[in-house]
Amino acid sequence: MDDEFDVIVIGGGGAGLAAAVSAAEDGASVLLFESERELGGSTQLSAGLFTAAGTSVQRALGIEDSPDKFFQHYMDLNQWVLRPGLIHAFCENAGPTLEWLIGLGLEVPAAVSGNAHQPGLTRAGVEDVWRGHVPKDQGYGLVQVLAGAARAHSVEVVLGTRVEKLLVQQGRVAGVVADGIDMQAKAVVVASGGFARDPEFLDRYFPDVREAGESLFVVAAPGSRGDHLRFGENIGAALTGHGWGLLMPTVYFQRQHHWQSGFPPASRIHVNPQGRRFMDEDASYAVSTGILDQHGGYGWMIFDEKARTGLAPGYTDWTAERVAEEVAAGRTVRAGSWDELAAAIGVPAAALRTSIDRWNAEVPAGQDTEFRRHVSLAAKGVTEPLDPIETGPFYAARILPAELVCTHTGLEIDARAAVLDTTGAPVAGLFAAGEAGGGVLGQRYVGGGNAVANALTMGRIAGRSAALASRPLSNAQGR
């Protein structure tokens, strides 16, 4: 191993791999440290969905879109609390980053997709046009393409090695310490992921997760231990995104990603603690957690016996047998009539009956005048009418934001992915991306593919910026 590299990348997930490959493409010698025994991080565990605007895939399907439209939507959804310059840079570069990935060998067919697991273009959130690009082989495919490019560009990868701290010399970041050994570099990219696996950091920076209690489960990669926060504390970096992250609503007994746990029945209704239906049951998680927050933080998912017995076998949570087990344990409610169910879950019987009657009158007929679920179902490719909820016994399970996917508190970065100190000045020689780079993932998750697009887009920008900063006489960083 060389004594000094142009660029050292901390983290081998999507952001780190994108940074390493892009820096190497620009002629930098690159060393990448990954704390776990394989590359991929949370990106490899994801569906690989990538949100972007103005892409070749959209154009092939006749969809007119642009980075500026994407920017407007992104900022509006986040109520303009994010820094416009950074978000515009992200939106402007997301499309080119997707094209870059396609050029490296990623397959994203120009086809309409009904979900995050069918390659093509899908509805990612509450967007005005579809921007969710689903690659072949999901997040695993993304990682394999980037890992192959890293090998082709002679990126040196060290697995199973956790970086301990950053080296600072003469006012700039000049390398890292790993396994007690100083490794010199002209620039460093922090792409170590989030902090979903660190209870102390969760309490400090995303305390809302504690509202889920015992129902909380984490799907982020094991390496999501908040190392970027430790690095930031040691060098006086600014943080941004306090209190933000992606908590997805799930039924209380779900414990894994839905492709492992299974899917709830399509014929279901969500009612609030007052017994009233309060949302489109297929609303994007870009907004559904916020909707739950407005109704006391939880609701009830209600379905009938036909829906229970119709659940597909082979999953870990959403199966007919698992629901029966939860009933036997006294955690899921079962009742022979709507009035009995209402009493068991503590909601007004009249309100529950009104909600059920209205749902049964409209949704199975292909219309939903209250919450327009027929639009969400159509986007998922559902063409068969849903069954009414009318076959007893009836079931109710608590639904709440309990699936922790990613955290948004990170090192504050600018449009070049340069880390800023508490005065707003760039920290010389230091860049960050993905969950480690704060300010792109906001208070409202824009929709499926937001985190992956952020990781790869800002990772690519960070790698290119770090490569530029590593060159002699470069005035791109700290000048």
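This is a short talk on a few parts of the structure shown above, taken one after another.

Please keep in mind throughout that what we are looking at is a predicted model. According to UniProt, in an unreviewed entry, residues 6-452 carry the feature "domain: FAD-dependent oxidoreductase 2 FAD-binding". Over that stretch the chain is 32% helix and 21% strand, and the C-alpha atoms at its two ends lie 26 Å apart.

Let me begin close to the N terminus, with strand 1 and its surroundings. Strand 1, which covers residues 4-10, pairs with strand 2 in the parallel sense over four bridges, and in that pairing Val9 stands opposite Leu32. Together with helix 1, residues 14-25, these two strands make a right-handed β-α-β unit. Strand 2 also pairs with strand 6, residues 156-158, again in the parallel sense and over three bridges, and here the bridge partner of Leu32 is Val157. If we now ask which residues of strand 2 are buried on each of its faces, we find Val30 and Leu32 on one side and Leu31 and Phe33 on the other, so that both faces are covered.

Next, I would like to turn to two open sheets. One of them has three strands in the order 3-5-4, with antiparallel pairing, and its edge strands, strand 3 (50-51) and strand 4 (120-122), each pair on one side only. Strand 4 is joined to strand 5, residues 132-134, by three bridges, with Leu121 standing opposite His133. The other sheet also has three strands, in the order 11-17-20, but its pairing is mixed. Strand 11 (239-240) and strand 20 (437-438) stand at its edges, and because each has a single partner strand, one side of each is left without a neighbour in the sheet. Two bridges join strand 17, residues 410-412, to strand 20, and these two run parallel, with Leu411 opposite Gly437.

Let us move on to helix 12, residues 320-328, whose buried residues are Ala320, Arg322, Val323, Glu326 and Val327. Why do they lie on the same side of the helix? They cover an arc of only 165° around the axis, and this puts them on one side of helix 12. It helps to recall that an α-helix has 3.6 residues a turn, so residues three or four places apart point the same way. The buried residues pack against strand 14 (299-304), helix 11 (305-309), strand 15 (333-335) and strand 16 (394-407), whereas the face turned away from them carries the exposed residues Glu321 and Ala328. After the helix comes Gly330, whose phi is positive, near 80°.

A residue in a loop also deserves a look, namely Ser215, which lies between helix 7 (199-205) and strand 10 (217-218). Ser215 is buried, with a relative accessible area of 14%, and, leaving aside neighbours within four places in sequence, Ser215 is in contact with Tyr252, Arg255, Leu400 and Ala402.

Finally, a word on the cysteines. How many disulfides does a search of the whole structure find? The search finds zero. The sulfur of Cys91 is 16 Å from the closest cysteine sulfur, that of Cys406, which is too far for a bond. Cys91 is buried, with a relative accessible area of 1%, and Cys406 is likewise buried, at 2%.

Conventions: Residues numbered from 1 in each chain as written. Predicted model: local features only at pLDDT ≥ 70, side-chain atom pairs only at ≥ 80, totals over all residues. Heavy atoms only, no water. Buried < 20%, exposed > 50% of the residue type's maximum accessible area, 1.4 Å probe, protein only. Arc of directions from axis to C-beta. Contact = heavy atoms within 4.5 Å. Disulfide = S-S within 2.5 Å. UniProt positions renumbered as here; feature names shortened; annotations may be inferred. Pairing = 2+ DSSP bridges. Right-handed = clockwise from strand over helix to strand, strands pointing away.
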